[in-house]
Amino acid sequence: MQVLGTIEETSYLSTMNSPQYRKIMRIFYLEYEKMHFQLYKEDVLELLKAEPEFVSYTMDQLKLDLEALVKWKNLTPLQDPGRVYTIADYKNKQYRYTMSEYAVEIERMTVRLENLFLESGNLSTNFFARLEKSLSDAESMNQRSLKEINEWWNLIQEDFKRLNQNYQDYLRDFYSGKADRLMKSIEFIVHKDKFIQYLNDFVQELQHKSIKIASVLKQRQKLMEEQLLEKVVKSELDIPHAMLEMDGKLNPNVRANVLGKWNSLKNWFIDTPEHECESQKVLKITNDIIRSIIQNAALIVQVQNWGVSRKDDYKKFLELFLQCKDMEEAHRLCAHVFGIQNVCHFKANEPRETDSINGSLYEEPAQEYLLKPHVKTYREKKDKKGFTDRSFEKYLQKVEYLQKRQKEKELALHYIKENKLDFSKIDEVVPETAKNIFLRWIAQASLNSEKRGRTEYGQEFQLKKEEGSCILRCSDGNLTMPAFILEFRDE
């Protein structure tokens with residue numbers, strides 16, 4: 001079973017001190033490329049201090065970083081007994097450090113990633129010719145040795161891989177944000193024809209070669225699938241691998257790998273019932289890019305023409321308008337200058353002097369409209385005026401409010417007899433205002449455990465409940481309620 005656990009050796013790429021760890025590993029990798037496989041920490045410190053950002057870097061920091069890299073299995077420490085001169089040196093354990101196999105591959109991958117977008121893709125058509133020649137040799141390869149068959153198969157796969165990688169890298173740039181902005185810039189017009197010519201050559205060559213390769217694949221398909229692919233599998237298995245031989249097992253995915261590569265190559269040039277072949281997709285993508293380049297170039301030229309100053313032309317037209325003898329001649333000149341395709345109609349809700357549909361626009365009086373800028377920062381100017389003194393209006397409102405409250409008080413106290421308000425003995429019709437005051441007093445006392453309350457006029461009272469109920473006749477209807485009695489304290 002394939003192990004899919006975490007790869008501890010990649011920890012130094014994404015930690016808090018990644019810049020330090022990566023710089024140390026990059027130094028080890030560059031020295032590894034020079035065949036300096038083992039380095040002392042003093043050598044590493046000297047190389048680090050040559051960089052401007054590591055001038056203040058100390059040996060203690062380096063020791064901690066080297067210990068972390070050893071812990072993650074990126075570096076392997078080798079004790080150097082030849083450099084032990086004192087007991088203190090022996091206790092300090094002078095080490096030489098070397099990169100592990102995983103670390104070499106990981107650092108090689110980071111270098112590859114850094115230069116990924118610097119490698120220029122291309123639309124070379126040489127791979128089509130080489131693929132056609134290699135596939136045409138299939139019949140002769142059937143009689144060759146396994147080693148020759150393996151080399152022939154690897155050559156086909158290498159050319160096919162380079163073909164895919166190159167066209168993807170080249171066309172990918174046209175779909176990036178930078179390329180889109182570049183194609184819409186004025187400077188791109190100078191290189192437009194060169195790009196179109198390059199893409200057209202590739203399209204023509206792809207159309208011509210893909211048909212030939214598809215024909216060769218169809219002719220050699222039976223031979224490949226029944227005989228040659230089996231020999232390719234045997235040639236792969238015939239290559240000795242040290243680790244696999246020691247484990248006593250061979251890679252079970254060799255056959256699936258070979259068949260998958262063959263199907264990819266075949267589907268690149270031959271249509272299947274489910275999908276269109278990749279070569280046709282590449283043609284469509286390339287044609288879309290050519291169309292986009294032409295459209296952007298035309299748009300840029302059009303924008304440039306829009307920017308041409310028409311000041312002198314406008315002056316000439318104004319002079320011609322001033323020289324017009326009558327309105328009819330002015331209409332003809334207007335039609336010649338502006339044309340009917342640029343007519344703009346405005347609608348307004350202003351009343352007209354006549355509703356006749358036969359009346360001309362030029363016969364009606366001119367109207368003025370205030371146009372406001374359509375920007376977020378626009379604010380209308382406000383006239384600066386002083387504040388109006390409204391003290392008298394406020395005083396009148398205050399007097400009116402106090403009179404209203406006084407009437408409510410007199411109306412409510414009118415029903416209190418001998419410091420009691422017995423709702424069962426009220427015979428007259430109670431106004432709605434008084435009813436609301438009475439209900440507010442009852443609710444206030446009911447919420448108190450002692451059944452006591454205080455009116456808004458400062459009077460204390462106690463709520464008592466008699467047996468039975470009573471009917472309080474109000475202006476908005478009769479209210480059936482318990483026989484409550486409010487007893488007020490003597491003031």
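Helices here are DSSP runs of H or I with at least four residues, strands are runs of E with at least two, and both are numbered from the N terminus. With that in hand, Asn419 is easy to place: this residue sits in the loop between helix H16 (391–413) and E4. Keep in mind that this is a predicted model.

**Two loop residues with positive phi**

As general background, most residues other than glycine have a negative phi. Asn419 goes the other way, with a positive phi of about 60° although it is not a glycine. Lys73 is another such case, a residue other than glycine with phi near 70°. Lys73 belongs to the loop between H3 and strand E2 (75–79). Here is how the two look on accessibility:

| Residue | Relative accessibility | Class |
|---|---|---|
| Asn419 | 34% | partly exposed |
| Lys73 | 48% | partly exposed |

Why does Asn419 count as partly exposed? Because its relative accessibility is 34%, and the partly exposed class covers what lies between buried, under 20%, and exposed, over 50%. Asn419 also has a partner far along the chain: its C-alpha atom is 5.0 Å from that of Phe488, although the two are 69 residues apart in sequence.

**The sheet that follows**

E4 is part of an open sheet of four strands, ordered E4-E7-E6-E5 and paired antiparallel. On the edges you'll find strand E4 (420–422) and strand E5 (452–454), each pairing on one side only. From one strand to the next, the twist averages 45°. In general terms, strands of a sheet pair through backbone hydrogen bonds.

Zooming in on one pair, E5 and strand E6 (residues 460–474) run antiparallel and are joined by three bridges. Arg454 stands opposite Glu460 in E6. Helix H17 (residues 432–446) lies across E4, E5, E6 and strand E7 (477–488), at about 135° to E6.

**A buried acid in H3**

Back towards the N terminus, helix H3 (residues 59–71) holds Asp65. Which side chain of opposite charge is nearest to Asp65? That would be Lys49, but it is 12 Å away, and Asp65 has no salt bridge despite being buried. For scale, a salt bridge needs a side-chain nitrogen of Lys or Arg within 4 Å of a carboxyl oxygen of Asp or Glu.

What Asp65 does have is a side-chain-to-side-chain polar contact with Tyr57, at 2.2 Å. Leaving out neighbours within four places in sequence, the residues in contact with Asp65 are Gln20, Tyr21, Ile24 and Tyr57.

Conventions: Residues are numbered from 1 along each chain as its sequence is written. This is a predicted model: local features need pLDDT of at least 70, side-chain atom pairs count only at pLDDT 80 or more; totals for chains, interfaces and linings use all residues. Side-chain values use heavy atoms; hydrogens and water are left out. Two strands pair if DSSP finds at least two bridges between them. Axes are lines fitted to C-alpha atoms, for helices over the stretch in contact, and angles run from 0 to 180 degrees between N-to-C directions. Contact means heavy atoms within 4.5 Å. Buried means under 20% relative accessible area, exposed over 50%, partly exposed in between (1.4 Å probe, protein chains only). Lys and Arg count as positive and Asp and Glu as negative; His and the chain ends are not counted. A polar contact is a pair of N or O atoms within 3.5 Å; within protein, one must be able to donate a hydrogen and the other to accept it, and residues adjacent in sequence count only if both atoms are side-chain atoms.
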